[in-house]
Amino acid sequence: MNREPTLTYVYAVVVPTPELGRTVASLRGVADAALSLLPPLDATGPVAPAFVTSQVPHGDWREEALRAHFEDLGWLESTARAHHHVIQALSDRATVLPLRMATLYQDEERALAALREQRPAFADRLALLAHHAEYGVKVYVRPDAAGDGDAEGPAAAPPAATPAPASPGKAYLQARKRQHHAREDRYQQAARAAERIAAAAAPHASHAVRHPTQSGPLTHGEAGEDGENVLNDAYLVPDDRAETFRRAVQQAGEDLPGVRVDITGPWAPYSFAMPAPRTTDPDPGTGTGTGTPGGPT
């Protein structure tokens, strides 16, 4: 009976150890596949760093199938969560260099060739990430912040003299002008808050990445509160400075009215990983990057 052809799915780059090998063997990856180290720990010759891999069915993961899968939000979510589960479990026990979801090779030989080609770069990056973790810092401003409500603004003050009634058109334009100024004030306040919090975080991190701000459902914070996302940064923080980093960010946001600060982590260093390794495979190529639920955005 012929076995179904498979592709080699690569999750991350690690420095292999017996303990990490046991962790890898205990995990399941995408499509509930068993994981392994490539090359295996008992391989001859240099084995550091190594790939964490699994085998996935060619029919479900070839280029044409992936294009269809990426239109299926349910498939994307479950697959991304499985990928992230592997990365986070590895990062709890060792330094890990995460690769993009759906980093695929035709077979283990081609994956090994890519590993050998980029081994020095991978080793340098793993050394940089050792004893560090990623933290996310997001700043939100409430929709009603900085005077959006007229009840607290100058319009609420008693008039010195009763003005002549404005025409409906003029009253409408005046209201729109007040709303415009209120929004400008809110954005200026939000920009100052973001700068202040970023300045407080930077001294305690080795590196930082500024991601695009989020909109729509992604703007809901961990507590489910609404707000406009005005800062979406990721920081690579040494383990021995993690608490100092958290305190500095929290203190910077304490007395900022209308502003909410969310700190997340520790995460595997997604924002500071190198791009997925190059491959010349025509099918399926070097994966397709997607967001990973639970990690900084």
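Which residues are exposed on the other side of α1, away from its buried ones? Keep that question in mind as we walk through this model, which is predicted.

Let's begin with the buried residues of helix α1, which spans residues 18-26. They are L20, G21, T23 and V24. These residues lie on the same side of α1, because they cover an arc of only 160° around the axis. A general rule helps here: an α-helix has 3.6 residues a turn, so residues three or four places apart point the same way. What covers the buried residues of α1? The cover includes strand β1 (6-14), together with β2, β3 and α4. Now we can return to the opening question: on the other side of α1, the exposed residues are P18, R22, A25 and S26.

One of the elements covering α1 was α4, and that helix is our next stop. Helix α4 runs through residues 73-91 and contains H83. Is H83 buried or exposed? Its relative accessibility is 1%, and buried means under 20%, so H83 counts as buried. If you look around H83, you will find that it touches Y9, V10, Y11, V30, L99, R100 and M101, leaving aside residues up to four places away in sequence. One of these neighbours, L99, deserves a second look: its backbone oxygen lies 2.9 Å from a polar atom of the H83 side chain.

From L99, follow the chain along strand β4, which covers residues 96-105 and includes A102. Here the backbone has a feature to spot: A102 is not a glycine, yet its phi is positive, at about 70°. A102 is also buried, because its relative accessible area is 0%. A positive phi turns up at D32 too, with a value of about 60°, although D32 is not a glycine. You can find D32 in the loop between α1 and β2.

Finally, let's turn to the peptide bonds before two prolines. Where is P39? Look in the loop between β2 (35-38) and β3 (50-57). The peptide bond leading from L38 to P39 is cis, with omega near -5°. Further along the chain, G265 and P266 are joined by a cis peptide bond as well, and omega there is about 10°. P266 has its place in a strand, β8, made up of residues 259-267.

As you turn the model, try finding these places again: the buried residues L20, G21, T23 and V24 of α1, then H83 in α4, and lastly the cis bond between G265 and P266.

Terms used. Residues numbered from 1 in each chain as written. Predicted model: local features only at pLDDT ≥ 70, side-chain atom pairs only at ≥ 80, totals over all residues. Heavy atoms only, no water. Helix = DSSP H or I, 4+ residues; strand = E, 2+ residues; numbered from the N terminus. Buried < 20%, exposed > 50% of the residue type's maximum accessible area, 1.4 Å probe, protein only. Polar contact = N/O pair within 3.5 Å; in protein donor to acceptor, adjacent residues only side chain to side chain. Contact = heavy atoms within 4.5 Å. Arc of directions from axis to C-beta.
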